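Subject: Handing over a structure, with notes on helix packing and empty space

Dear colleague,

I am passing on to you the structure shown just below, and I would be glad if you could keep it open beside this message while you read.

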Amino acid sequence: MTEAASRLAALYRAMVRIRLFENAAEVASQGGVSAYGKAADGTARVRGPLHLSTGQEAVPAGVCAHLRRDDYLTSTHRGHGHTLAKGADLTRMMCELFGKATGFNGGKGGSMHIADFSVGMLGANGVVAAGLPIAVGAAHAQKLQGRDGITVCFFGDGAINRGPFLEALNWAQVYRLPVLFVCEDNRWSATTASGPMTAGEGASVRAESFGIPAVKVDGNDVLAVDEAARQLVAQVRAGSGPRLLHAITYRVKGHVSVDPAAYRDPAELQAALQTDPIARARDAFLALPGGDAATLEAFEREAAQEVEAAVIAADAAPWPNADAAFTDVQDTGAGQWR
């Protein structure tokens, strides 16, 4: 297999793992009838809100392929793909979604608050734009400590209309911090189209107004994301200051897993489905010398088995002990919280 084919195959595998993980979690959250769905008592297995990133897999796969384990990452409430691409354990993440004690946060964080410090994943966040100042703080710490690690901050297009976006970019540029901002522009802010609510030309132009170089890319073309991220990560790591990657993509599912997105024009969705990043990567791989369908099918089977095993493990995992409710909380000393 050629180097180009090997590279694309690795990116394909990363995207397929994300897609199958989220497909399984979606069914489990809806109380579906498949093996991924209802528990024995008929309840849905996934606890709490589940925000899917289906259709956006090329962005985390292409960006995180250039990160080291000691690099930092902040995420959003739609962060399963970021977390998996950064190297977090798939089974522990499924356990967290199921609310089990063996999850990353002991079952208390759920989908919106996944964190795995062991791979530099500093946390998903249920508050829109909240990951931006956290990323800037982490990057400032890296600079003060003289480390050559960088921080990558994923956020959606809805975040650019909130104050933390401008504050974070300003601070990062003033102090020339080693941070790569990645806007996953999926064109929807919860249940509202982002375009009519956003003045100007979006994240990349706003970054450039601060003097931060920005690159706009087709976020459903994993090779384009991979190449843009390669260049930007190298620049940030070399000490050139912050950069921004503006990836145009599309979220094909509703705001949460039980949202049918009836407010969306069906023709818009159908058009978006024609640009599916996984299908495009498959076609590109098969067109390369040494690219064969059997390689991709093996990745798909491997990912399906991994996800199935994770669901089984999460289903069998223990619930948190009741005493865990009193850990990970701030104690003012007054005792009222008990």
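What follows goes through three helix pairs and then through the empty space in the structure.

Please bear in mind from the start that this is a predicted model.

**Helix pairs**

Two packed helices are described by the angle between their axes and the distance between the axes, and I give both for each pair.

The first pair to look at is helix α1, which covers residues 3-30, and helix α10, which covers residues 277-286; their axes come within 10 Å and cross at roughly 155°. Since angles over 145 degrees count as roughly antiparallel, α1 and α10 are therefore roughly antiparallel to each other. The crossing in which α1 passes α10 is left-handed. On the side of α1 the contact is made by Ala5, Leu8, Ala9, Tyr12, Met15, Val16 and Arg19, and on the side of α10 by Pro277, Ile278, Ala281, Arg282, Ala284 and Phe285. Sorted by class, this contact of α1 with α10 holds 11 nonpolar residues, no polar ones and 2 charged ones.

The next pair is helix α4, residues 90-97, with helix α11, residues 293-316, whose axes come within 8 Å and cross at roughly 45°. That angle falls in none of the ranges for roughly parallel, roughly antiparallel or roughly perpendicular, and α4 and α11 are therefore oblique to each other. Here α4 passes α11 in a right-handed crossing. From α4 the contact takes in Leu90, Thr91, Met94 and Cys95, while from α11 it takes in Glu306, Val307, Ala310, Val311, Ala313 and Ala314. The residues of this contact of α4 with α11 divide into 8 nonpolar, 1 polar and 1 charged.

The remaining pair is α5 with helix α6, the latter being residues 163-174, and these pack at an angle of about 15° with their axes 8 Å apart. That angle makes α5 roughly parallel to α6. The crossing of α5 past α6 is left-handed. In this contact, Leu132, Pro133, Val136 and His140 of α5 meet Pro164, Phe165, Ala168, Trp171 and Ala172 of α6. The contact of α5 with α6 is made up of 8 nonpolar residues and 1 polar residue, with no charged residue.

**Pockets and a cavity**

Rolling a probe the size of a water molecule over the atoms shows where empty space is left.

The largest pocket has a volume of about 310 Å³. Its lining is formed by 25 residues, and those that lie nearest the centre of the pocket are Thr76, His77, Val128, Gly156 and Gly158. The elements that give two or more residues to this lining are α5, residues 131-144, together with β3, residues 151-156, and β5, residues 188-189. Of the elements, β3 gives the most to the lining of the largest pocket, with 3 residues. By class, the lining of the largest pocket consists of 10 nonpolar, 11 polar and 4 charged residues.

The second largest pocket holds about 240 Å³ of space. Its lining is made by Arg7, Ala10, Leu11, Arg13, Ala14, Arg17, Ala61, Cys64, Ala65, Leu84 and Ala85. At least two residues of this lining come from each of α1, α2 (58-64) and α3 (80-85), and α1 gives the most, with 6 residues. The residues that line the second largest pocket divide into 8 nonpolar, no polar and 3 charged.

As for enclosed space, the count comes to 1 cavity of 30 Å³ or more, and the largest cavity has a volume of about 30 Å³. Gly55, Asn220, Tyr250, Val252, Ala272, Leu273, Asp276 and Pro277 line this cavity, and by class they are 5 nonpolar, 2 polar and 1 charged. You will have met Pro277 above, where α10 takes part in the contact with α1.

With best wishes

Methods: Residues are numbered from 1 along each chain as its sequence is written. This is a predicted model: local features need pLDDT of at least 70, side-chain atom pairs count only at pLDDT 80 or more; totals for chains, interfaces and linings use all residues. Side-chain values use heavy atoms; hydrogens and water are left out. Axes are lines fitted to C-alpha atoms, for helices over the stretch in contact, and angles run from 0 to 180 degrees between N-to-C directions. Helices (H or I, at least four residues) and strands (E, at least two) are DSSP runs, numbered from the N terminus. Angles under 35 degrees count as roughly parallel, over 145 as roughly antiparallel, 65 to 115 as roughly perpendicular and the rest as oblique. A crossing is left-handed if the near helix is turned anticlockwise from the far one by less than a right angle, and right-handed if clockwise. Contact means heavy atoms within 4.5 Å. Ala, Val, Leu, Ile, Met, Phe, Trp, Tyr, Cys and Pro count as nonpolar, Asp, Glu, Lys and Arg as charged, and the others, Gly among them, as polar. On a 1 Å grid over the protein atoms alone, a cavity is a set of points where a 1.4 Å probe fits but cannot get out, and a pocket is an open set with protein on both sides within 12 Å along at least five of seven lines; lining residues have an atom within 4 Å of a point. Grid points are joined across faces, edges and corners, and a volume is the space filled by probe spheres set on the points.
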